[in-house]
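Colleague: Could you take one part of this model, look at it closely, and then work outwards to whatever surrounds it? I would like one connected account rather than a list.

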Amino acid sequence: MLNTVTAVARRASSLALTVALIATPGLANGTLADFSGGNLGSWTWGPPAIVENSGGNPGGWLHTSVVDTFAPQLRTTGPSGFTGNWRGAGATSFGFDLQTISTNFPALREATLLLRAGGQTVYRLGTETVPQPGTGWQHYDVPVPAASTTLPAGWTAQGSGSDDAIWNTVITGVTEVVIFYGDPDFFYIFD
């Protein structure tokens with residue numbers, strides 16, 4: 001069973017994003033979360049989130065009136081079905097859909113998945129870029145080999161300790177999931 005979340009963010013006339021997230025089986029106890037029944041996962045783009053019951057892709061959607069940032073980051077904001085022990089849940093991938101409606105500075109940025117636990121972070125730099133305005137929805141599947149006890153190829157670890165220790169800390173105790181528009185090691189101008 002797949003768990004789905006749909007979200008949208010809007011910035012005064014320059015930036016609008018639509019996102020649908022699909023968690024791995026076992027996370028969120030197989031509950032479908034499409035914002036039709038609220039914000040399961042406590043997802044946010046930053047400012048206070050507004051949940052609409054319909055008009056998303058599919059079901060409900062999440063939006064905010066202002067997003068002024070160097071890189072949009074849809075993220076969880078507390079314990080949810082998307083946080084916790086991904087290894088224990090048997091996670092193998094994390095899928096999501098993105099649509100960029102508009103932006104001040106269109107650019108080819110990676111669609112990156114970050115997982116955090118306290119001050120530790122692991123991320124998989126996107127191998128595909130986020131969609132450009134007007135191109136519609138694009139689906140992404142990020143491999144998350146949670147059973148691995150060593151940092152998997154393609155993943156980067158940030159924090160204190162060895163890469164393998166950071167990976168094991170995060171994958172067995174995810175406290176935040178982030179979909180990042182770009183490379184988290186790069187500097188971007190505000191958009």
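Modeller: I will begin with a polar contact: the side chain of threonine 83 reaches the backbone nitrogen of serine 80 at 2.9 Å. This is a predicted model, and that distance, like the other values here, is computed from its coordinates. Threonine 83 sits in the loop that links E6 to E7, and with a relative accessibility of 12% it counts as buried, since the cut-off for that class is under 20%. Beyond its neighbours within four places in sequence, threonine 83 is in contact with Thr76 and Gly78 on the one hand and with Val174, Thr175 and Glu176 on the other.

Two of those contacts lead into strands, because Thr76 falls within strand E6 (residues 73-76) and Glu176 within strand E12 (176-181). E6 and E12 pair in the antiparallel sense over three bridges, and within that pairing arginine 75 has valine 178 of E12 as its bridge partner. The pair belongs to an open sheet of six strands, in the order E3-E6-E12-E8-E9-E11 and with antiparallel pairing. Strand E3 (43-44) and E11 form the edges of this sheet, and each has a single partner strand, so one side of each is left without a neighbour in the sheet.

Moving along E12, valine 177 shows how many parts of the chain come together here. Its contacts, leaving aside neighbours within four places in sequence, include Leu74, Arg75 and Thr76 as well as Trp43, Phe82, Trp86 and Phe94, and they also take in Leu113, Leu114 and Leu115. Several of these residues return in the largest nonpolar core, which has 30 residues and in which Trp86, Phe94, Leu113, Leu115, Val122, Trp155 and Val177 are those with the most contacts. The elements that give two or more residues to that core are strands E7 (93-102), E8 (111-117), E10 (138-143), E11 (155-158) and E12, together with helix H1 (163-171). Apart from it lies another core, this one of five residues, among them Ala71, Tyr123, Val178 and Phe180. As general background, nonpolar side chains tend to be buried together in soluble globular proteins.

Further across the sheet, E8 and E9 pair in the antiparallel sense over five bridges, with alanine 117 opposite glutamine 120 of E9. These two strands form a hairpin with two residues between them, and in the turn glycine 118 has a positive phi of about 60 degrees. On its other side E9 is joined to E11 by four bridges, again antiparallel, and there valine 122 stands opposite alanine 157. All five residues of E9 are buried, so the strand is largely enclosed by the rest of the structure. In a regular strand the side chains alternate between the two faces of the sheet. In E9, Gln120, Val122 and Arg124 point one way, while Thr121 and Tyr123 point the other way.

Helix H1 lies across E8, strand E9 (120-124) and E11, and it runs at about 95 degrees to E9. Within H1, valine 170 has 0% relative accessibility and so counts as buried. Apart from neighbours within four places in sequence, valine 170 is in contact with Leu115, Arg116 and Ala117, and also with Gln120, Thr121 and Val122.

Glycine 119, in the loop between E8 and E9, offers a contrast in accessibility, for it is exposed, with a relative accessible area of 67%. Its C-alpha lies 9.5 Å from that of valine 170, although the two are 51 residues apart in sequence. From isoleucine 166, 47 residues away in sequence, glycine 119 is separated by 9.6 Å, again C-alpha to C-alpha. Not counting residues up to four places away, glycine 119 touches Gln158 and Gly159.

Set against the whole protein, this region belongs to a fold of one helix and twelve strands, in which eleven strands come before the helix and one strand follows it. Of the contacts with a separation of 6 or more, 72% join residues 24 or more positions apart, and buried residues make up 49% of the 191 residues. The accessible surface of the protein comes to about 8000 Å², with 55% of it belonging to carbon and sulfur atoms.

Key
Residues are numbered from 1 along each chain as its sequence is written. This is a predicted model: local features need pLDDT of at least 70, side-chain atom pairs count only at pLDDT 80 or more; totals for chains, interfaces and linings use all residues. Side-chain values use heavy atoms; hydrogens and water are left out. Buried means under 20% relative accessible area, exposed over 50%, partly exposed in between (1.4 Å probe, protein chains only). Contact means heavy atoms within 4.5 Å. Accessible areas come from the Shrake-Rupley method with a 1.4 Å probe; for residues, only the protein chains shown count as cover. A nonpolar core is a set of buried Ala, Val, Leu, Ile, Met, Phe, Trp, Tyr and Cys residues joined through side-chain atoms within 4.5 Å. Two strands pair if DSSP finds at least two bridges between them. Axes are lines fitted to C-alpha atoms, for helices over the stretch in contact, and angles run from 0 to 180 degrees between N-to-C directions. A polar contact is a pair of N or O atoms within 3.5 Å; within protein, one must be able to donate a hydrogen and the other to accept it, and residues adjacent in sequence count only if both atoms are side-chain atoms.
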